Amino acid sequence: MKKILITGGAGFIGSHVVRRFVTYHPEYHIYNLDALTYAGNLENLRDIENAPNYTFVKGDIVDAEFIDKLISENDFHGIIHLAAESHVDRSITDPMSFVMTNVVGTVNLLNAARKTWKDNFAGRRFYHVSTDEVYGELHDPGTFFTEETSYDPRSPYSASKASSDHFVRAYENTYKLPVVISNCSNNYGPNHFPEKLIPLMIHNIIQSKPLPVYGKGENVRDWLFVEDHAIAIDVIFHDGKNGETYNIGGHNEWKNLDLVLVLCRLMDKKLGRADGETEKLITYVTDRAGHDLRYAIDATKLSEELGWKPSLQFEEGLERTVDWYLANGEWLENVTSGNYQKYYSDMY
Ligand code: NAD
Ligand code: TDX
């Protein structure tokens with residue numbers, strides 16, 4: 001059985017990727033390597049934790065010795081790398097943890113793969129999961145990020161992800177490591193940590209707390225349902241070409257304020273509140289420092305070359321997401337106790 005290492009598999013996107021690979025690829029044994037930071041939660045994987053082709057490994061990608069040992073002792077055919085510090089606001093208050101995990105951690109994995117695989121790269125693949133934020137921001141409607149767009153990272157988070165992307169490409173060029181990279185737009189869906197816009201709003205709506213909209217709510221994001229991202233990763237891992245980059249996006253742009261209003265109306269219905277009641281909770285707060293105006297992905301290459309398209313309409317995805325949070329109050333309760341309280345009170 002081929003062994004595949006997935007890093008960051010206890011986090012939001014990683015847990016959906018792990019579930020997909022464990023369920024749809026019984027030909028693989030999936031090793032989920034995760035440090036279980038505040039963002040990692042094994043509850044996300046309860047349904048598959050006893051699957052015969054699944055093993056969890058607790059560990060930190062910043063620990064080079066540990067990573068070398070893990071990778072040299074296991075004959076991994078593929079490494080799908082998602083572990084990261086992922087929240088832009090946290091990168092503004094603590095950039096160094098982003099350098100350590102996103103840059104140093106990625107280079108540790110690249111080094112270990114190179115040393116272990118030596119020049120025997122046949123059938124191996126290092127898949128680096130990245131973000132559209134490396135391309136900077138867009139201003140003009142109708143313009144999109146393509147795979148040829150120059151890098152222009154503008155937050156400590158995107159600078160760390162851009163740096164890791166460059167290292168991955170450098171290892172391909174210098175050592176011929178078989179790599180593939182994808183850059184995806186904003187994900188949403190079940191298991192999303194409630195520091196990010198959509199789950200934070202859902203959490204606050206349920207609790208009738210203020211809904212903090214940064215600035216005037218005019219920034220634009222392109223939203224993709226997380227399971228569609230997991231499908232794209234599956235497709236690229238198997239059919240993508242070494243050395244290539246694939247952009248992944250939903251062609252689903254929303255101004256933040258419009259998105260929050262849609263969510264408020266949906267939650268009025270779900271919670272049996274009067275129409276318009278929830279949106280009274282909207283509160284405009286100080287803008288994020290260096291807040292990127294607009295991200296929008298052109299995913300033509302992925303759809304034309306590999307046949308991937310998002311499967312879900314946004315309305316359906318948003319309703320599935322809201323229903324998941326309403327049905328999983330205990331999950332939300334667990335992740336918003338303890339340290340989350342301190343994070344939230346420091347933010348506002
Ligand atoms: P997340 O914060 O929900 O999860 C990150 C996971 O990585 C957690 O389980 C955490 O415990 C683990 N981790 C963090 N530091 C680690 C370390 N030093 N060693 C081992 N494990 C560690 O993040 P996410 O939103 O699921 O994002 C996953 C990946 O996808 C990231 O690389 C991110 O840059 C990328 N991405 C995210 C989005 C998005 O909208 N969330 C969009 C595009 C790309
Ligand atoms: O309380 C909030 N109020 C608000 O107005 C929060 C948390 C966010 N926002 C705004 C900021 C952004 O314009 O909403 C938008 C989305 O914010 P986030 O959910 O923090 O996502 P973003 O900064 O766009 O980054 C996300 O997408 C790309 C992920 O967190 C990254 O990991 C991914 O790479």
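This is a short dialogue about the sheets, helix packings and ligand shells of a predicted model.

Student: What is the order of the strands in the sheet of 7 strands?

Tutor: The order is β3-β2-β1-β4-β5-β6-β10. The sheet is open, and its pairing is parallel.

Student: What makes β3 and β10 the edge strands?

Tutor: Each of them pairs on one side only. β3 covers 54-58, and β10 covers 245-248.

Student: How do you know that β4 and β5 pair?

Tutor: Pairing needs at least two bridges between the strands. Strand β4 (residues 76-81) is joined to β5 by 4 bridges, so the two count as paired. They run parallel. Ile 79 stands opposite Phe 126 in β5.

Student: By how many degrees are neighbouring strands of this sheet of 7 strands turned against each other?

Tutor: The average is 20 degrees, with direction ignored.

Student: Which helix lies across β1, β4 and β5?

Tutor: That is α4, running at about 170 degrees to β4. Angles over 145 degrees count as roughly antiparallel, so α4 is roughly antiparallel to β4.

Student: Which strands form the open sheet of 3 strands?

Tutor: The order is β7-β9-β11, and the pairing is mixed.

Student: Why is one side of β7 and of β11 left without a neighbour in the sheet?

Tutor: β7 and β11 (253-255) stand at the edges. Each has a single partner strand, so one side of each has no neighbour in the sheet. On average, neighbouring strands here are turned by 50 degrees against each other, direction ignored.

Student: How do you know that β7 and β9 pair?

Tutor: Count the bridges again. At least two are needed. There are 3 between β7 and strand β9 (residues 220-225), so they pair. The two strands run parallel. One partnership is that of Asn 186 with Trp 223 in β9.

Student: What angle does helix α7 make with β9?

Tutor: Helix α7 (residues 226-239) lies across β7 and β9, at about 70 degrees to β9. The range 65 to 115 degrees counts as roughly perpendicular, so α7 is roughly perpendicular to β9.

Student: Why is α1 called oblique to α7?

Tutor: Their axes cross at roughly 55 degrees and come within 9 Å. Roughly parallel needs an angle under 35 degrees, and roughly perpendicular starts at 65. The crossing angle fits neither, so α1 is oblique to α7. The crossing is right-handed.

Student: Which residues make the contact of α1 with α7?

Tutor: From α1 come Phe 12, Ile 13, His 16, Val 17 and Arg 20. From α7 come Val 226, Glu 227, His 229, Ala 230, Ile 233 and Asp 234. By class, they are 6 nonpolar, 2 polar and 3 charged.

Student: What makes α8 oblique to α10?

Tutor: Helix α8 (residues 256-271) and helix α10 (residues 314-327) cross at roughly 50 degrees, with axes within 11 Å. That angle makes α8 oblique to α10. α8 passes α10 in a right-handed crossing. Leu 266, Met 267 and Lys 270 of α8 meet Leu 318, Glu 319, Val 322 and Leu 326 of α10. This contact has 5 nonpolar, no polar and 2 charged residues.

Student: At what angle do helix α2 and α4 pack?

Tutor: Helix α2 (residues 64-73) packs on α4 at about 35 degrees, with the axes 9 Å apart. The crossing is right-handed. Contact residues include Ile 67 and Ile 71 of α2 and Leu 109 and Ala 112 of α4. The classes are 6 nonpolar, 3 polar and 2 charged.

Student: Which residues come nearest to ligand 1?

Tutor: Gly 8, Gly 11, Ala 39, Gly 40 and Ala 84, out of 30 residues around ligand 1. By class, its shell has 14 nonpolar, 12 polar and 4 charged residues. α1, α4, β5 and β7 each supply at least two residues.

Student: Which element gives the most to the shell around ligand 2?

Tutor: β8 does, with 3 residues. α6 (197-206) and β8 (211-214) each supply at least two. Of the 16 residues around ligand 2, the nearest are Thr 131, Lys 196, Leu 197, Tyr 214 and Asn 219. The shell around ligand 2 divides into 6 nonpolar, 6 polar and 4 charged residues.

How values were computed
Residues are numbered from 1 along each chain as its sequence is written. Chains are lettered from A and ligands numbered from 1 in the order in which they are written. This is a predicted model: local features need pLDDT of at least 70, side-chain atom pairs count only at pLDDT 80 or more; totals for chains, interfaces and linings use all residues. Axes are lines fitted to C-alpha atoms, for helices over the stretch in contact, and angles run from 0 to 180 degrees between N-to-C directions. A crossing is left-handed if the near helix is turned anticlockwise from the far one by less than a right angle, and right-handed if clockwise. Two residues are in contact if their C-beta atoms, placed from the backbone, lie within 7 Å. Ala, Val, Leu, Ile, Met, Phe, Trp, Tyr, Cys and Pro count as nonpolar, Asp, Glu, Lys and Arg as charged, and the others, Gly among them, as polar. A residue is near a molecule or strand if its C-beta atom, placed from the backbone, lies within 6 Å of it.
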